[in-house]
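Thanks for passing this one along. Here are my notes, as numbered points, to read next to the model.

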Amino acid sequence: PDGSRGTISTIARDISEQKRAETERIRLIEELQVANRIARESSRAKSEFLATMSHELRTPLNAIIGFSDMLLAGMSGPLNDKQRHKVERLKDNSTRLLGLINDLLDLTRIEAGRVEIVQKSFAPRTLVERLAAQMESLAAETKLEFKTVISPALPALVIGDEKRIEQVILNLVSNAFKFTEKGSVTLELAPSDNMWSIV
């Protein structure tokens, strides 16, 4: 009967469409798998490149910092005040650049899930003093004043990953200098409930 032929034709069409849809789904899955493999390989190559470049850049920078220390120690003869100031700025900027390179290497480790957070006690005041010394040359270059404020209520020791915290503060303060046209940049540390805050 005509009705039966129509039903069979409809069923055949539905099966054909299902097959096409399944073929398309399989094709899309295969393309996605290829794209994922390419993305993983690209990420791996990028991480390897950054790690290699970071190592290659750190070697001469460490040499520059080492020679700066030798000059400041007077191993090649005494320096006058102007020469000492220039060498100190050279060392400070080299140290800051080395820190940025280390941050870049850490970023590749973060992407690879290989960064460990070390929780231990450290002195926030010592951290601020170290940051102030690092920012001295940048403050001079930008003609901005760098102020540090440490709340007297802040404990002498706090718990955290000092290195990671220093990296975060250094990046934030560097950006503050970059986007401040005049005046000053202030770093403030204060307690907040059972925690401590950086402003």
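1. Let me start with a bridge you can find quickly: T148 has L187 in β4 as its bridge partner. This is a predicted model, so please read each point below as a description of a prediction. The wider pairing around that bridge is between strand β2, residues 145–150, and strand β4, residues 184–192. These two strands run parallel and are joined by six bridges.

2. β4 also has an antiparallel partner, strand β5 (residues 195–198), with four bridges between the two. Here S192 is matched with M195 in β5. Two residues lie between the strands of this β4–β5 hairpin, and D193 adopts a positive phi near 55 degrees there.

3. Next, the interior. The largest nonpolar core has 20 residues, and those touching the most other members are M135, F146, I169, V173, F177, L187 and W196. At least two core residues come from each of α3 (124–142), α4 (162–178) and β4. The biggest contributor is α3, with six residues. You will recognise L187 from the first point: it is the bridge partner of T148 and also one of the well-connected core members.

4. Is E166 buried or exposed? This residue sits in helix α4, and it counts as buried because its relative accessibility is 15%, with the cut-off for buried set at under 20%. Leaving aside residues up to four places away in sequence, E166 touches L127, R130, L131 and Q134. I would enjoy looking at that spot together.

5. Now for the outside. F49, M53 and L57 make a nonpolar surface patch of about 280 Å². M53 belongs to helix α1, which covers residues 2–72. M53 counts as partly exposed because its relative accessibility is 34%, and that class lies between the 20% and 50% limits.

6. Finally, the chain as a whole. It has four helices and five strands, arranged along the sequence as α-α-β-α-β-β-α-β-β. Of its 199 residues, 24% are buried. The accessible surface comes to about 13,800 Å², and carbon and sulfur atoms account for 59% of that area. Among contacts with a separation of 6 or more, 79% link residues 24 or more positions apart.

Notes
Residues numbered from 1 in each chain as written. Predicted model: local features only at pLDDT ≥ 70, side-chain atom pairs only at ≥ 80, totals over all residues. Heavy atoms only, no water. Pairing = 2+ DSSP bridges. Core = buried A, V, L, I, M, F, W, Y, C linked by side-chain atoms within 4.5 Å. Buried < 20%, exposed > 50% of the residue type's maximum accessible area, 1.4 Å probe, protein only. Contact = heavy atoms within 4.5 Å. Patch = residues over 30% accessible without salt bridge, like charges linked within 9 Å, V, L, I, M, F, W, Y side chains within 5 Å. Areas by Shrake-Rupley, 256 points an atom, 1.4 Å probe, with all protein chains shown as cover. Salt bridge = Lys/Arg side-chain N within 4 Å of Asp/Glu carboxyl O.
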